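Me: I would like to go through this structure step by step. Could we begin with its pocket and then move on to other parts?

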Amino acid sequence: MQAPEEIYLPHVDANSEHVKIIRISSPDIILVTPGDVILEFETSKAAIELPAQKSGFVKILVKENDEIEPGQVVALWSAHQDLFYSSRAVNIKQLFLVPNS
């Protein structure tokens, strides 16, 4: 399986050095289809929705009220939900390993 793909915040306004995240669809991993709104952000001129481009699973990396720069990674996309859990699962297993006595 491939690593999750990065989703970047687009440059939509040449005058906006920073934008504010005003709404995220979920802090959890979500199943999306093309056109589903992942998050909404505000420039100096307008509120803009960021839609999913393809079907799969999305994990949003920003929070509401975050101020970020256009071009920054805001979410990860994968066709397989398991990719979001694989590295964390290894860490959890390591926490519970008991040395042989």
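**Pocket, core and a loop residue**

Reply: In this predicted model, strand 1 gives the most to the lining of the largest pocket, with three residues.

Me: Which strands each supply at least two residues of that lining?

Reply: They are strand 1 (5-8) and strand 5 (47-51). The residues that line the pocket include Glu5, Glu6 and Ile7, as well as Leu50, Pro51 and Trp77.

Me: What volume does the largest pocket have, and how does its lining divide by class?

Reply: Its volume is about 170 Å³. The lining has seven nonpolar, three charged and one polar residue.

Me: Now the core. Which residues of the largest nonpolar core touch the most other members?

Reply: Ile7, Leu39, Val58, Ile60 and Val74 do, in a core of 19 residues. Two or more core residues come from each of strand 2 (19-24), strand 3 (30-32), strand 4 (37-42), strand 6 (56-60) and strand 8 (73-78). In soluble globular proteins, nonpolar side chains tend to be buried together.

Me: What does Leu39 touch, beyond residues up to four places away in sequence?

Reply: Among its partners are Leu9, Ile21, Ile48, Ile60 and Val74, and Arg23 and Glu49 are also included.

Me: A different topic: where is Asn65, and is it buried or exposed?

Reply: Asn65 lies in the loop between strand 6 and strand 7 (67-68). Asn65 is exposed, because its relative accessible area is 53% and the cut-off for exposed is over 50%.

Me: Which residues does Asn65 contact, leaving aside neighbours within four places in sequence?

Reply: Asn65 is in contact with Lys20 and Ile21. Asn65 and Ile22 are 43 residues apart in sequence, yet their C-alpha atoms are 5.7 Å apart in space.

Methods
Residues are numbered from 1 along each chain as its sequence is written. This is a predicted model: local features need pLDDT of at least 70, side-chain atom pairs count only at pLDDT 80 or more; totals for chains, interfaces and linings use all residues. Side-chain values use heavy atoms; hydrogens and water are left out. A nonpolar core is a set of buried Ala, Val, Leu, Ile, Met, Phe, Trp, Tyr and Cys residues joined through side-chain atoms within 4.5 Å. Buried means under 20% relative accessible area, exposed over 50%, partly exposed in between (1.4 Å probe, protein chains only). Helices (H or I, at least four residues) and strands (E, at least two) are DSSP runs, numbered from the N terminus. Contact means heavy atoms within 4.5 Å. On a 1 Å grid over the protein atoms alone, a cavity is a set of points where a 1.4 Å probe fits but cannot get out, and a pocket is an open set with protein on both sides within 12 Å along at least five of seven lines; lining residues have an atom within 4 Å of a point. Grid points are joined across faces, edges and corners, and a volume is the space filled by probe spheres set on the points. Ala, Val, Leu, Ile, Met, Phe, Trp, Tyr, Cys and Pro count as nonpolar, Asp, Glu, Lys and Arg as charged, and the others, Gly among them, as polar.
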